[in-house]
Amino acid sequence: MIDLTTEAWENRYQEGRDHWDLGCPAPPFINLLASAQAPKPGRMAVLGCGSGQDAMLFSAAEFDVIGFDFAPSAIKRARTTAEARKLSAQFLQRNIFELEAEFLHSFDYVLEHTCFCTIDAMLRSQYVQVVKKLLRPNGQLIALFYTHSRLGGPPFGVKPQAILDSFSPCFDTILFKAAKDSIARRKGEEHLAIFQVKSS
């Protein structure tokens, strides 16, 4: 099982093993915001935000954004960049599995990009519950899932149907499609999704 301590994730950043971090916003998110399906600005949590590129993309689009990551180096990097760009996005060093007490039903959106696939598969059902508890009624998960089929990780591969099976008990599927606009090294290996909390 993957070590979920702060030290373990910090070491990955210190040693340059943060291969999931693109160093730029994900093109499918850029294009989603420019499309007819663009979500309206609201309060957004970005889980496993890394250096904060996706969080800052949505912050620049007038979303009220808080990014969360295990690693202090990632948070420091994100804060420095956001300050330089004069963006209001906040970045907090947290264990994402402990956010419920502080942020229960606090967000209109959760943004997911290579967080689900960097945690151990045994924790995916717990991750789904974290997302549900962070969201307000009718809140949405906006996600870019890394659906590669290679051995090893993180990030670990996940099959598209397994994603739907994981989220369908708690979420309705608004959008789920293979991304056509991924960066070159992820072509054919990403799925863009919008899942909405099911009405009780």
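Which helix does Phe-103 lie in? Helix H5, residues 100-103, and that is where the first of these close-ups goes. Keep in mind throughout that this is a predicted model.

**View A. Phe-103 in helix H5.** Phe-103 has a relative accessibility of 8%, so this side chain counts as buried. Setting aside neighbours within four places in sequence, look around Phe-103 for Arg-43, Ile-66, Phe-68, Leu-92, Lys-133 and Leu-134, each of them in contact with it. Leu-134 is worth a second look: its C-alpha sits 6.1 Å from that of Phe-103, with the two positions 31 residues apart along the chain.

**View B. The largest nonpolar core and its hubs.** This core takes in 33 residues, and the ones with the most contacts inside it are Leu-47, Phe-68, Ile-96, Tyr-127, Phe-145, Phe-167 and Phe-171. Two or more residues each come from strands E1 (43-47), E2 (64-69), E4 (107-113), E5 (135-146) and E7 (190-197), and from helices H6 (124-134) and H7 (160-167). H6 hands over the largest share, five residues. Zoom in on Leu-47 and you get quite a crowd, not counting residues up to four places away in sequence: Phe-68, Ile-96, Leu-99, Val-110, Leu-111, Cys-115, Tyr-127, Val-130, Val-131 and Leu-134 all touch it. Apart from this core lies another one, of 25 residues, including Ala-26, Phe-58, Ala-78 and Ala-179.

**View C. Strand E1 and its two parallel partners.** Four of the five residues of E1 are buried, so the rest of the structure largely encloses this strand. E1 pairs with E2 in the parallel sense through five bridges, and Val-46 has Gly-67 of E2 as its bridge partner. With E4, E1 pairs in the parallel sense too, over four bridges; here Ala-45 stands opposite Val-110. Follow the chain from E1 through helix H3 (residues 53-60) to E2 and you have traced a right-handed β-α-β unit. In a regular strand, side chains alternate between the two faces of the sheet.

**View D. Ala-143 in strand E5.** Ala-143 is as buried as the numbers allow, at a relative accessible area of 0%. Beyond the neighbours within four places in sequence, its contacts are Phe-29, Glu-112, His-191, Leu-192 and Ala-193. The C-alpha atom of Ile-194 is 6.3 Å away from that of Ala-143, although the two are 51 residues apart along the chain.

**View E. Cysteines without a disulfide.** Searching the whole structure turns up zero disulfides. Why is Cys-49 not bonded to Cys-115? The sulfur of Cys-115 is the closest cysteine sulfur to that of Cys-49, but the gap is 9.3 Å, too far for a bond. Cys-49 counts as buried, because its relative accessibility is 10%. Cys-170 is also buried, and its relative accessible area is 10%.

**View F. Where the prediction is confident, and where it isn't.** Over the protein chain the mean pLDDT is 87, with 82% of residues at 70 or more. Among the elements, E1 has the highest mean, 98, while helix H1 (residues 6-14) has the lowest, 57. Where pLDDT is low, the predicted coordinates shouldn't be read in detail.

Terms used
Residues are numbered from 1 along each chain as its sequence is written. This is a predicted model: local features need pLDDT of at least 70, side-chain atom pairs count only at pLDDT 80 or more; totals for chains, interfaces and linings use all residues. Side-chain values use heavy atoms; hydrogens and water are left out. A nonpolar core is a set of buried Ala, Val, Leu, Ile, Met, Phe, Trp, Tyr and Cys residues joined through side-chain atoms within 4.5 Å. Buried means under 20% relative accessible area, exposed over 50%, partly exposed in between (1.4 Å probe, protein chains only). Contact means heavy atoms within 4.5 Å. A disulfide is a pair of cysteine sulfur atoms within 2.5 Å. pLDDT is the predictor's confidence in each residue, from 0 to 100. Two strands pair if DSSP finds at least two bridges between them. A crossover is right-handed if, with the strands pointing away from the viewer, the path from the first strand over the helix to the second runs clockwise.
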